[in-house]
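Visitor: I should like a close look at a single part of this model, namely the place where its two chains meet. Please add what is needed on the confidence of the model and on the charged pairs elsewhere.

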2 protein chains.
Amino acid sequence: MKYFEMPTALSEADAVILANGDFPKHEVPLSILRNSNYLVCCDGAINKLKHTNIEPQAIVGDCDSLGVESKERYAKILFRNPDQETNDLTKAVNYCLEKGMSNLIILGATGQREDHTLGNISLLLEYMNEATVQMITDFGIFTPVDSDSRFESFAGQQVSIFTVAEGEITTHNLKYPVHKRTFTNWWQGTLNEAESDEFSIETNGKLVLFRIFK
Amino acid sequence: MKYFEMPTALSEADAVILANGDFPKHEVPLSILRNSNYLVCCDGAINKLKHTNIEPQAIVGDCDSLGVESKERYAKILFRNPDQETNDLTKAVNYCLEKGMSNLIILGATGQREDHTLGNISLLLEYMNEATVQMITDFGIFTPVDSDSRFESFAGQQVSIFTVAEGEITTHNLKYPVHKRTFTNWWQGTLNEAESDEFSIETNGKLVLFRIFK
């Protein structure tokens with residue numbers, strides 16, 4: 001059964017992807033951004049790095065929106081992908097997958113247009129077949145779930161289970177137990193609570209799990 | 001068939017509800033907030049009104065988090081509801097429904113914790129049986145849809161259809177036509193586009209539709 005730790009300021013991944021939503025403010029995503037092994041920046045997010053001393057290893061996207069200055073400054077690490085069928089986040093993930101990376105963290109993918117936020121969260125369920133891909137926000141971590149899984153937690157941690165494609169859900173070690181239940185609206189799985197340092201979920205549906213930071 | 005206009009700075013509703021997410025920045029929700037007929041404030045959001053000259057007609061919630069000063073200042077319009085099974089947004093909506101109001105606009109319900117954002121958006125589908133309830137953000141408007149509906153639009157407007165409970169969807173007058181299709185992931189219905197001043201959706205599922213501002 002897969003096990004997913006809570007991220008810490010020291011969490012490492014093969015690559016960190018910075019998307020074009022709100023730039024991270026919380027210490028955990030900020031530290032992960034600053035200490036990444038390999039940073040891939042969606043092209044729309046590159047301007048947000050200018051006021052930092054963080055240098056990406058790759059910039060991926062359609063690159064249409066990049067100014068002349070950025071195109072020159074980053075010429076050697078620009079990977080232009082004009083595909084109209086995928087968004088910049090998916091282009092960045094695919095870039096990492098093609099390099100054989102198998103453990104990715106996405107930052108900065110929420111907090112602006114809500115349609116982009118919802119789309120980006122749900123894309124985790126597409127990426128999960130190829131790699132372990134989680135999204136860290138200023139409030140917690142989103143993990144895609146399509147089979148029985150275990151999660152690191154802490155007593156009192158708020159935990160929300162969002163159903164993307166319906167399926168039966170059973171939880172173990174959550175304050176409000178769920179037993180072979182199918183959620184028919186997103187709010188039904190919100191604001192559950194971990195009881196100790198681990199909980200688990202059994203499901204045959206497609207879910208995204210959200211655990212908040214301590 | 002129900003018809004949903006795009007909101008403007010002059011849009012009116014029986015009541016406007018201010019939730020405890022990000023305070024509005026866009027001119028349309030700000031104007032609607034300033035010119036409301038009746039303003040209901042979720043108790044967690046009352047501090048955000050302090051730096052404005054906007055006075056609510058009612059404050060609804062469990063009121064546990066209100067300071068002594070606020071409790072005294074607003075004593076006559078505080079409606080305490082300690083129910084643990086509903087969140088403050090639902091308490092505010094129920095307060096309006098009990099007053100016989102049938103057309104509500106929710107503001108400030110996104111932009112902070114993503115689990116709250118997702119939960120709040122999905123609650124629109126619960127409220128719709130009792131009243132017309134839409135959510136306006138800094139980027140556009142969310143409308144719950146569970147039957148054939150028509151929508152005001154403009155050529156080139158980005159439109160996203162999020163499936164909350166699966167059902168067949170057919171669209172008319174959108175750039176990327178959907179014909180008797182069932183979406184199995186949220187991103188599949190994102191970033192469609194209106195072609196003119198109206199489009200329509202037929203469905204037997206439960207959806208939330210997002211239209212962005214011009």
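Guide: What follows treats confidence, then the interface, then the salt bridges, and lastly one serine.

This is a predicted model, in which local features need pLDDT of at least 70 and side-chain atom pairs count only at pLDDT 80 or more, while totals for chains, interfaces and linings use all residues; side-chain values use heavy atoms, with hydrogens and water left out. Residues are numbered from 1 along each chain as its sequence is written, and chains are lettered from A and ligands numbered from 1 in the order in which they are written.

The model scores ipTM 0.96 and pTM 0.97. Chain A has a mean pLDDT (the predictor's confidence in each residue, from 0 to 100) of 96, and 100% of its residues reach 70 or more.

At the interface, 32 residues of chain A are in contact (heavy atoms within 4.5 Å) with 32 residues of chain B. The buried area (the accessible area, with a 1.4 Å probe, that two parts lose on being put together, summed over both) is about 2,900 Å², and carbon and sulfur atoms give 64% of it. Between chain B and chain A there are 0 salt bridges (a side-chain nitrogen of Lys or Arg within 4 Å of a carboxyl oxygen of Asp or Glu). There are, however, 14 residue pairs in polar contact across this interface, both residues at pLDDT 80 or more. A polar contact is a pair of N or O atoms within 3.5 Å; within protein, one must be able to donate a hydrogen and the other to accept it, and residues adjacent in sequence count only if both atoms are side-chain atoms. On the side of chain B that touches chain A, the elements giving two or more residues are α5 (114–127), β10 (158–165) and β14 (206–212) of chain B. Helices (H or I, at least four residues) and strands (E, at least two) are DSSP runs, numbered from the N terminus. The most comes from α5(B), with 10 residues. That side of chain B divides into 15 nonpolar, 12 polar and 5 charged residues. Here Ala, Val, Leu, Ile, Met, Phe, Trp, Tyr, Cys and Pro count as nonpolar, Asp, Glu, Lys and Arg as charged, and the others, Gly among them, as polar.

Over all chains, the whole structure holds 8 salt bridges. One of them joins A:Glu55 to A:Arg73, with the closest N and O atoms 3.1 Å apart. Because A:Glu55 lies in the loop between α2 (46–49) and β4 (58–61) of chain A and A:Arg73 in helix α3 (residues 68–73) of chain A, the pair ties together parts that are 18 residues apart in sequence. A:Glu55 is partly exposed at 44% relative accessibility, and A:Arg73 is partly exposed at 46%. Buried means under 20% relative accessible area, exposed over 50%, and partly exposed in between (1.4 Å probe, protein chains only). In chain B, B:Glu198 forms a salt bridge with B:Arg150 at 2.8 Å between the closest N and O atoms. This pair links strand β13 (residues 198–203) with strand β9 (residues 149–152) of chain B, 48 residues apart.

Finally, A:Ser153 sits in the loop between β9 (149–152) and β10 (158–165) of chain A. A:Ser153 is buried, at 7% relative accessible area. A polar atom of its side chain lies 2.6 Å from the backbone oxygen of A:Ser196, and the side chain of A:Ser153 also reaches the backbone nitrogen of A:Glu198 at 3.1 Å.
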